[in-house]
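Visitor: I am new to this structure. Please show it to me, and let me ask how each label is earned.

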Amino acid sequence: MGIEILGLPMIYYIAMVAKVLVAFLFVLLTVAYATYAERKIIGHMQVRLGPMRTGWHGLLQPIADGVKLFFKEEIIPSQASTFAFLIAPLVALIPAFITFAVIPFGGTIELFGYKIPLQVAAYYDTAAGQVFDVNVGVLYILAMSSLGVYGIVLAGWSSNSKYSLMGGLRASAQMISYELSAALSIIAVFMLAGTLSLGKIVELQSGFGGFEWYIFKQPLAALMFFICSLAEINRTPFDLPEAETELVSGFCTEYSSMKYAMFFMAEYANMITVCAITATLFLGGWNGPFAVAVPILGPIYFVAKVYFLIFLCMWIRATVPRYRYDQLMHLGWKVFLPLALVNIVVTGIIGYFI
Amino acid sequence: MATTETMTLNMGPQHPSTHGVLRLVLELDGEIITKVTPHIGYLHRGVEKLSEHRTYHQILPLTDRLDYLAPMHNNLGYILAVEKLMDVQVPERAETIRIIMAELTRLQSHLVWVACHALDIGAMTVFIYAFRERETVMELYELISGARMTSNFFRVGGLSQDVPDEFVKRVSDFIDVMPGYLDQYEGLLTTNPIWLKRTVGNGVISAEDAIDFGLTGPALRGSGVDWDLRRDNPYGGYEKYQFKVPVGVECDTFDRYKVRLVEMREACKIIRQALDRLKPGPVLADNPQVCYPPKENVYNSIEGLIHHFKIASEGFPAPEGEVYQGVENPKGELGFYIVSDGGNKPQRLRIRPPSFVNLQAIEQMSLGSMIADLVAVIGTLDIVLGEIDR
């Protein structure tokens, strides 16, 4: 273990690759099984069983779906703009996955005498004796989630189909409007935390019994961020871009095979990311009883919180109807945006006096 | 200088929310609808023409396939028209069972409506819940007629057979629990802010316009016109039953939704009254000229067999003349107009399908609104392409 590259011991690089693999596999598996969970949970809420045939209680369903989609015929419409049509699913999928790089999913563990923080884009500097992570983590997340919209716009435009075009238009308008409200609503959190680093924000919420969680200090911001995020990732009740009963399948009407699966994966990956961000910013991230003393508990708490939020998304989907396009815009610009601004001002005033 | 132009969008005939093979050509300015042109006929089977080549008994199965969500009610309309033409008196028990089945049909048609309407607007769970209850009605259909959708159960002069013994108890059990299920749907929809936002003020059509377009059924009553054939022009024994006729005030989709839900509750009450009236007795009129003989005669006596053969093969001659019989179908007034030249087949059979007439109002109701509103309007008109295209 004496080899050093660029002044850092080899173990750092090994750990980094391992963390990337673990985080990627976690997201990938959760994506696959979120589709299964969604079908099962909504199924049981709707007094039916959901998938039951493939494997025990349908446990192999996501794999069967994946294999099926993989072997489907690739159809590229003759009128489509081929390059954009092919690149669009990737543009949607990649930002959905790389957002996970800055989210801390656990504390710092010690391996072979080296300290490794459980966050992909972070390392422990032995000389300085502290963890360094991306100090603009939240900005990075906001930037990445804005990139995702390009995939959908491209898909809608390049398909050269009217339903796709309308879906793409709806998606771009919706994602851009709601991103503004979502970003403004979490500014209140940074005002309390005084940092943009997600690792620091989690540490600041480690107080006794979870009462330091920002959801208790900023309940309005938490609620607004979660709702705006639902809109940003096109989940019910804001699933207008792919509103089946109106636009057939919206932007992915013309897509088939693996390209369609990529949009699907992007959607679920986005959902996981949004739930992870909400858990990190408002629910104390990986914090929980004995999480510092027993580092392995950190990821467990984190995953439990993320899964709870994912369950919430599915519950919402089983309960509410869909908004109309103009009502959605009204809600975004005339309700959430002013509320977020008021929240910032109020937080500022209270913060000044306390 | 940028110029704007409208977009033509072809919606259907294969589209998730056009409730069958309806094709709408939309002119869109952004998402705002400036013109709606319905194109119909994708499900045309020529029912009216076919009827001219069938005896009066043989036409009955064709009527099952008009509004396939309310087969018994279509049967009832046709049977009543023929009975009017032939002047046949129906036994009390048959009449009561017909009303039970007609109201069960109303329930199941409205259940499919609430399911699809909710699904169109995005509420997926109500869809499954309503289909669960519809399944019970389907099982009752199967119990008495052997078929789930194309029941073909009524006969000129009564019913094809008496109902099994368990029928009364199963219907009674079902209408006991049904209001609770309706409360479930209402809990998910009626006070849901998103549902209210989508339905209140959507698809408004004034009472005058509704009458001018010839709307009938819940679409008419939702606009505040108090008109129900069951009460105002009773047929098939409806005059013996007490029920309320709900009407709307705001003429919008939400009012039509409320009207239909109240109708479902009233249907349960009518079935309860009918079950109380149900007495043992014959289910087929004693009129050998027109009616089939009882099955045991057919199987056990040569006279019965010949009688059955004659009715089945050449039917019965109808007196020369014309009759019209309108019934209050779940979707509106279903009318059968029969012209007889004295033969055993109608010279002309004209069907007045409620969905066909109601569909006219679609442009009026959706002009200037968005695609999502149009989907809600299609749902609230409750059209079935089987009877539009016939």
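Guide: First, a definition: helices are DSSP runs of H or I with at least four residues, and strands are runs of E with at least two, numbered from the N terminus. Keep in mind that this is a predicted model. Now take A:Val47, which sits in the loop between helix H1 (10–45) and helix H2 (61–71) of chain A.

Visitor: Why does A:Val47 count as exposed?

Guide: The cut-off for exposed is 12 or fewer other C-beta atoms within 10 Å. A:Val47 has 10 C-beta neighbours inside 10 Å, so A:Val47 counts as exposed. Its backbone deserves a look too. Phi of A:Val47 is near 45°, a positive value in a residue other than glycine.

Visitor: Where is B:Asn152, and what is its phi?

Guide: B:Asn152 lies in the loop between helix H5 (124–145) and strand S4 (154–155) of chain B. Its phi is positive, about 55°, although B:Asn152 is not a glycine.

Visitor: Why is B:Asn152 called partly exposed?

Guide: Buried needs 20 or more, exposed needs 12 or fewer, and partly exposed is in between. B:Asn152 has 18 other C-beta atoms within 10 Å, so it is partly exposed.

Visitor: What makes B:Leu76 buried?

Guide: The count does. B:Leu76 has 25 other C-beta atoms within 10 Å, and the cut-off is 20 or more, so B:Leu76 is buried. B:Leu76 lies in helix H3 (residues 71–86) of chain B. Leaving out residues up to four places away in sequence, B:Leu76 touches B:Arg98, B:Ala102, B:Phe154, B:Gly236 and B:Val327.

Visitor: How far is B:Leu76 from B:Ile388, in sequence and in space?

Guide: The two are 312 residues apart in sequence. In space they are 18 Å apart, C-alpha to C-alpha.

Visitor: How do you know what length agrees with helix H6 of chain B?

Guide: Helix H6 (residues 166–189) has 24 residues. The expected span is 1.5 Å times one less than the number of residues. That gives 34 Å, and the end C-alpha atoms are 34 Å apart, so the two agree.

Visitor: Where does H6(B) bend?

Guide: H6(B) bends by about 30° at B:Met178. A proline, B:Pro179, follows within four residues.

Visitor: Which residues of H6(B) are buried, and what covers them?

Guide: The buried residues are B:Val171, B:Ile175, B:Met178, B:Leu182, B:Tyr185 and B:Leu189. Their cover includes helix H4 (92–121), H5, helix H7 (193–199) and helix H11 (253–277) of chain B. A general point helps in reading that list. An α-helix has 3.6 residues a turn, so residues three or four places apart point the same way.

Visitor: What makes S1, S2 and S3 of chain B a sheet?

Guide: Pairing does. Two strands pair if DSSP finds at least two bridges between them. S1(B) and S2(B) have five bridges, and strand S2 (residues 23–29) has seven with S3(B). Both counts meet the cut-off, so both pairs qualify. The result is an open sheet of three strands in the order S1-S2-S3, with antiparallel pairing.

Visitor: Why are S1 and S3 of chain B called edge strands?

Guide: Strand S1 (7–11) and strand S3 (32–39) of chain B each pair on one side only. From one strand to the next, the twist averages 20°.

Visitor: Which residues stand opposite each other in this sheet?

Guide: B:Thr8 stands opposite B:Glu27 in S2(B). B:Leu28 stands opposite B:Ile33 in S3(B), and B:Asp29 stands opposite B:Ile32. The hairpin of S2(B) and S3(B) has two residues between the strands, and B:Gly30 takes a positive phi near 70° there.

Visitor: How do the side chains of strand S8 of chain B point?

Guide: They alternate along S8 (residues 348–352). B:Leu349 and B:Ile351 point to one face and are buried. B:Arg348, B:Arg350 and B:Arg352 point to the other and are not. Strand S7 (residues 332–340) of chain B pairs with S8(B) in the antiparallel sense over five bridges. There, B:Gly335 stands opposite B:Arg352.

Visitor: How many residues are in contact between chains A and B?

Guide: 21 residues of chain A are in contact with 26 residues of chain B. The chain A side divides into nine nonpolar, five polar and seven charged.

Conventions
Residues are numbered from 1 along each chain as its sequence is written. Chains are lettered from A and ligands numbered from 1 in the order in which they are written. This is a predicted model: local features need pLDDT of at least 70, side-chain atom pairs count only at pLDDT 80 or more; totals for chains, interfaces and linings use all residues. Axes are lines fitted to C-alpha atoms, for helices over the stretch in contact, and angles run from 0 to 180 degrees between N-to-C directions. The bend at a residue is the angle between axes fitted to the seven residues ending there and the seven starting there. Two residues are in contact if their C-beta atoms, placed from the backbone, lie within 7 Å. Ala, Val, Leu, Ile, Met, Phe, Trp, Tyr, Cys and Pro count as nonpolar, Asp, Glu, Lys and Arg as charged, and the others, Gly among them, as polar.
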